[in-house]
Amino acid sequence: MKILGHKPTGTAWIGLGIIAFNLFIAIFGPLFAPFSQSETVGATWDPSSAQMWLGADQIGRDMLTRLIYGARMTIGVALATTFISFFIGITLGFTAAVLGGWVDTLISRLVDVILSIPLLILALIILGVFGSSIPVLILTIAVLDSTRVFRLARALGMNLTVLEYVEAARLRGEGTWWIIRREILPNASAPLVSEFGLRFCFNFLFIAALSFLGLGIQPPFADWGGMVRENSAAINFGMLAPIWPALAITILTVGVNLVVDWLLSIEARPSGAQAEL
Amino acid sequence: MLRLIANRLGLGVVTLFAVSILIFVCTQILPGDVASAVLGQGATPETLAAFRKELGLNVPAYQRYFNWLWGALHGDLGVAMTNKRVIIDELLPRLYNTLFLAGYAALIAIPLSVGLGILAAINEGKFVDKASNVLTLITISVPEFFIAYLLIILFVVNLEWFPSLATVFPGISFSERVYITTLPALALTLLVAAHMLRMTRSSVLSVMSSPYIEMAFLKGATRSRVIARHALPNAAAPIITVVALNIAYLVVGVVVLESVFVYPGIGQLMVDAVAKRDVPVIQACGLVFAGVFVILNTLADVLVIMVNPRLRHKR
């Protein structure tokens with residue numbers, strides 16, 4: 001079986017499997033969940049048993065059920081963030097590359113300033129001023145993350161705008177937006193796909209870290225980073241409660257990274273001239 | 001070379017200035033009105049006006065910015081909104097704690113990862129290289145707190161070597177401080193070492209593909225000699241850049257780990273301030289973090305200029 005015209009390697013198949021499983025759980029999971037989301041079915045941090053495979057959380061809810069419900073929120077927010085980030089980053093990056101001149105200079109300098117300090121610090125500043133709600137969280141991280149997408153999209157666009165077919169389209173009198181959509185985007189898609197995986201991992205971990213700090217997705221929504229936070233005290237008694245959501249986060253990121261690694265290795269092959277980008 | 005260094009230092013100052021504007025804009029202008037944002041909808045017009053005056057919001061933004069910057073340059077970062085404490089007094093000891101932890105981790109992480117990275121490059125394609133590739137990929141994918149919890153389970157719960165909370169207090173002895181911060185420092189090390197290792201490996205390998213290296217091989221030098229004598233001096237610059245980037249990342253990774261280990265650093269101060277929406281403290285912490293980050297990057301670039309043999313002599 002081929003994906004994107006190439007045969008995945010063994011590790012890539014593992015990664016694809018992990019991603020498919022996580023998406024399935026995120027979409028259909030609640031149908032299979034053994035209990036309901038907020039139902040108290042045991043005592044605080046009950047150990048694993050036949051009824052509760054992963055034990056209970058800090059107020060006796062079933063850990064597995066919470067994980068299944070949390071998948072939708074955690075993955076959904078990270079995906080939404082990455083999509084918005086790509087939309088902003090690609091639009092601005094290609095516009096800067098095609099128009100050049102002061103538009104390019106203005107956006108590029110702004111991005112330089114934003115990237116000269118850690119994104120986490122900026123995110124904390126903005127969340128501190130606006131307070132954390134899901135729309136604010138998604139927009140903040142999407143805008144901050146789009147700076148990285150902008151850099152890649154601009155570099156890709158720069159290399160493509162000098163090619164003859166773009167020049168031809170310009171001479172035909174096509175508009176900027178048409179050139180971006182029809183000439184540049186299709187030719188820049190391969191590196192952008194692997195970048196999407198990387199940015200998703202970054203945003204996913206970023207949101208998990210913020211939720212862990214209590215500044216991301218807020219209760220009563222179940223999300224994996226927040227679940228680690230709620231159960232963190234258990235670790236000092238040697239109980240595994242906070243390990244499960246942390247492990248779920250780890251497995252999904254490893255899975256995406258395995259696929260990205262494979263995609264990058266395709267692009268890095270001699271036939272693909274995009275390796276340098 | 002001196003001119004290059006002076007240029008770079010000047011650029012660093014400009015960057016710091018731009019960053020201070022960015023932070024100011026994010027906290028003061030973006031939300032429209034900090035006073036109503038903080039007090040919420042229940043505030044009466046009188047309380048709003050009083051609060052605005054207290055924050056100094058009745059003067060124009062650019063004037064406020066210069067007042068704030070002038071104060072910050074003189075070590076006056078204002079007073080916390082919630083507990084009315086002078087921010088700088090609270091900030092400095094915490095900054096020391098954070099830098100201590102980051103420095104401790106850097107001391108373990110840099111030799112370890114640069115050494116292993118070179119080792120992986122020497123053994124490219126062999127078992128050592130493949131094993132380190134998979135291991136580092138996994139470490140990169142892992143959230144900070146997961147590493148920390150695994151370390152706690154191993155060293156605190158099972159082996160009982162270290163305490164799980166890294167509570168340092170004023171007047172703690174140096175050896176005691178080192179002992180208590182070992183576990184967070186280890187967690188930080190694991191966090192950045194993987195990145196550094198991978199990038200050291202790839203920068204050594206990219207130098208290895210240049211023609212003069214092929215020449216060295218052709219004249220019969222062994223692989224390890226080629227790497228030590230020919231490749232490494234030229235790979236030094238990218239390695240320094242990578243190390244500096246990761247130390248800067250260390251300073252940020254600290255934010256989450258300080259929370260796990262309840263370590264009284266500047267990251268915790270900032271997280272608490274964000275939770276309480278204490279804008280002056282958030283501004284101050286943001287400025288300090290950004291400052292440390294920019295200074296480290298500038299230093300690294302200066303160092304890169306200094307180790308570049310082509311720039312060492314006047315033409």
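Helices (H or I, at least four residues) and strands (E, at least two) are DSSP runs, numbered from the N terminus. This is a predicted model in which local features need pLDDT (the predictor's confidence in each residue, from 0 to 100) of at least 70, side-chain atom pairs count only at pLDDT 80 or more, and totals for chains, interfaces and linings use all residues. Residues are numbered from 1 along each chain as its sequence is written, while chains are lettered from A and ligands numbered from 1 in the order in which they are written.

**Exercise 1. Describe the make-up of chain B.**

Step 1. Count the elements: chain B has 13 helices and 0 strands.

Step 2. Consider the extent: along the principal axes, the C-alpha atoms of chain B fill a box of roughly 85 × 60 × 35 Å.

Step 3. Consider burial. A residue is buried if 20 or more other C-beta atoms lie within 10 Å of its own, exposed if 12 or fewer, and partly exposed in between, with C-beta atoms placed from the backbone. Of the 315 residues in chain B, 39% are buried.

Step 4. Consider contacts, meaning pairs of residues whose C-beta atoms, placed from the backbone, lie within 7 Å. Among contacts in chain B between residues at least 6 apart in sequence, 72% join residues at least 24 apart.

**Exercise 2. Determine which parts of chain A meet chain B.**

Step 1. Count both sides: 37 residues of chain A are in contact with 42 residues of chain B.

Step 2. Identify the helices. On the chain A side, α3 (101-115), α4 (119-130), α8 (189-212) and α10 (243-267) each supply at least two residues. The most comes from α4(A), with 10 residues.

Step 3. Classify the residues. Ala, Val, Leu, Ile, Met, Phe, Trp, Tyr, Cys and Pro count as nonpolar, Asp, Glu, Lys and Arg as charged, and the others, Gly among them, as polar. The chain A side divides into 27 nonpolar, 9 polar and 1 charged.

**Exercise 3. Relate the two domains of chain B to the largest nonpolar core.**

Step 1. Locate the domains, whose bounds come from an automatic or database domain assignment. Chain B has domain 1 (2-61) and domain 2 (94-312), and 32 Å separate their centres, taken over C-alpha atoms.

Step 2. Examine their contact, which takes 13 residues from domain 1 of chain B and 14 residues from domain 2 of chain B. On the domain 1 side, the largest share, 11 residues, comes from α1(B).

Step 3. Examine the core. A nonpolar core is a set of buried Ala, Val, Leu, Ile, Met, Phe, Trp, Tyr and Cys residues joined through C-beta atoms within 7 Å. The largest one has 148 residues, and Leu188(B), Leu250(B), Met270(B) and Cys285(B) have the most contacts inside it. Helix α11 (residues 223-260) of chain B gives the most to this core, with 20 residues. Both domains of chain B give residues to this core, so it lies between them.

**Exercise 4. Explain why helix α12 of chain B is described as largely enclosed.**

Step 1. Count the buried positions: in α12 (residues 266-276) of chain B, 8 of the 11 residues are buried, so this helix is largely enclosed by the rest of the structure.

Step 2. Find the surroundings. The buried residues of α12(B) pack against α4 of chain A together with α5 (87-122), α11 and α13 (279-307) of chain B.

Step 3. Take one example. Met270(B) is among the buried residues of α12(B). Not counting residues up to four places away in sequence, Met270(B) touches Leu124(A), Val255(B), Ile282(B) and Cys285(B).

Step 4. Inspect the end: α12(B) is followed by Arg277(B), whose phi is positive, near 55°.

Key
Two residues are in contact if their C-beta atoms, placed from the backbone, lie within 7 Å.
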